[in-house]
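Here are my notes for you to read with the model open beside them. Take the points one at a time and find each residue as you go.

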Amino acid sequence: MHIRTATSLDRDDVRDVHLAAFDQGERDIVSKLATDLLSEETTPQTISLVAESQGDVVGHVAFSPVTIGTGENSQGYILAPLAVKPDHQKRRIGSKLIEIGTQQLSEMGVHILFVYGDPAYYSRFGFSADAAAGYTPPYTLQYPFGWLGIALKERSTETSPIKITCVTSLCDPELW
Ligand SMILES: CC(C)(COP(=O)(O)OP(=O)(O)OC[C@H]1O[C@@H](n2cnc3c(N)ncnc32)[C@H](O)[C@@H]1OP(=O)(O)O)[C@@H](O)C(=O)NCCC(=O)NCCS
């Protein structure tokens, strides 16, 4: 298994990963998000990684930038979406995608990485509700307990909650 940066040529494979991994209720909206993010041009860049096994794309993750408050003092990203094909799960592919992406973001000087997901899974990578508590997500969350963050670089702490804004592909209340 190896992990590489995804390109627009991976569009169908990326869609198929999410269609296979997510339940019926989520698969269409999440696979659309994954492919939309592949072609969305952002500053700084959106990062999409795929995991390949024997020439097949079996996992995918995307990291897109968020604006924090006025955006002057800190750079944030959000991890979404993440999926591994069911027949390749539990082989640390999801973990590797998160770890390699997080490492790239750290090297870019990103301060904080957010995720909206299952705390039982993401806590094993250091994500916590506490780290995200000072930041208000762009939309009202259906599952507020899933709003998590991990600090990648020191920054001065703010006293009041800071609103974050996301890239266009994530601007759909149904995703939150
Ligand atoms: C979540 C997902 C990406 C994990 O991928 P993976 O390659 O199987 O992950 P890893 O092999 O690195 O880690 C698997 C471990 O995470 C655990 N795990 C997976 N999903 C979990 C969850 N929702 N809550 C708690 N633990 C979870 C597994 O039980 C396994 O534990 P173990 O190492 O103790 O056996 C994959 O299960 C998936 O695609 N699920 C469907 C889509 C999804 O839910 N995406 C995340 C949206 S927030």
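1. A word on strands before we start: helices and strands here are DSSP runs, a strand being a run of E of at least two residues, and both are numbered from the N terminus. With that in hand, look for P81, which sits in strand β4. The peptide bond leading into it, from A80 to P81, is cis, with omega near -5 degrees. Please keep in mind throughout that this is a predicted model.

2. There is another cis bond to find. The peptide bond from T43 to P44 is cis, again with omega near -5 degrees. P44 is not in a strand, though: look for it in the loop between α2 and β2.

3. Now the largest pocket. How many residues line the largest pocket? The count is 40, and F22, L82, G117, D118 and Y122 are the ones nearest its centre. Its volume comes out at about 1,300 Å³.

4. Which parts of the chain build that lining? At least two residues each come from α2 (24–39), β4 (76–84), α3 (93–107), β5 (112–116) and α4 (119–122). The biggest giver is β4, with 7 residues. Sorted by class, the lining of the largest pocket holds 24 nonpolar, 8 polar and 8 charged residues.

5. Next, the largest nonpolar core, which has 23 residues. If you want to know where its contacts pile up, go to F63, L79, L97, L113, Y122 and F127, as these have the most inside the core. The elements that each supply at least two of its residues are β2 (47–53), β3 (56–68), β4, α3, β5 and β7 (147–151). Apart from this core lies another one, made of 20 residues, with L37, F114, A132 and I164 among them.

6. F127 deserves a click of its own. Ignore its neighbours within four places in sequence, and F127 still touches L79, I98, L113, F114, V115, Y122, L148, G149 and I150. You have already met Y122, one of the residues nearest the centre of the largest pocket.

7. On to helix α1, residues 11–21, where V14, V17 and H18 are buried. Why do they line one face? Seen down the helix axis, the buried residues of α1 fall within an arc of 90 degrees, so they share one side of the helix. What do they pack against? The partners are α2, β2, β3 and β4.

8. L19 is also in helix α1. Its relative accessibility is 26%, so L19 counts as partly exposed, a label for values between the 20% limit for buried and the 50% limit for exposed. Leaving out neighbours within four places in sequence, L19 is in contact with R27, D28 and S31. Compare its position with K90: the two are 71 residues apart in sequence and 18 Å apart in space, C-alpha to C-alpha.

9. K90 itself belongs to the loop between β4 and α3. Is K90 buried or exposed? At 87% relative accessibility, K90 counts as exposed. Check its backbone too: K90 has a positive phi of about 65 degrees although it is not a glycine.

10. Q54 has a positive phi as well, about 50 degrees, and it is not a glycine either. You'll find Q54 in the loop between β2 and β3. Q54 counts as exposed because its relative accessibility is 82%.

11. Finally, the start of the chain. M1 lies in the segment before β1 (2–5). Although M1 and Q54 are 53 residues apart along the chain, their C-alpha atoms are separated by 7.1 Å. For M1 and A120, which are 119 residues apart along the chain, the C-alpha separation is 25 Å. Which residues does M1 touch, once neighbours within four places in sequence are set aside? The list is A51, E52, S53, I93 and K96.

Terms used: Residues numbered from 1 in each chain as written. Predicted model: local features only at pLDDT ≥ 70, side-chain atom pairs only at ≥ 80, totals over all residues. Heavy atoms only, no water. 1 Å grid on protein atoms, 1.4 Å probe; cavity = no way out; pocket = protein on both sides within 12 Å on 5 of 7 lines; lining within 4 Å. Points joined across faces, edges and corners; volume = space filled by probe spheres on them. Helix = DSSP H or I, 4+ residues; strand = E, 2+ residues; numbered from the N terminus. Nonpolar A, V, L, I, M, F, W, Y, C, P; charged D, E, K, R; others polar. Core = buried A, V, L, I, M, F, W, Y, C linked by side-chain atoms within 4.5 Å. Buried < 20%, exposed > 50% of the residue type's maximum accessible area, 1.4 Å probe, protein only. Contact = heavy atoms within 4.5 Å. Arc of directions from axis to C-beta.
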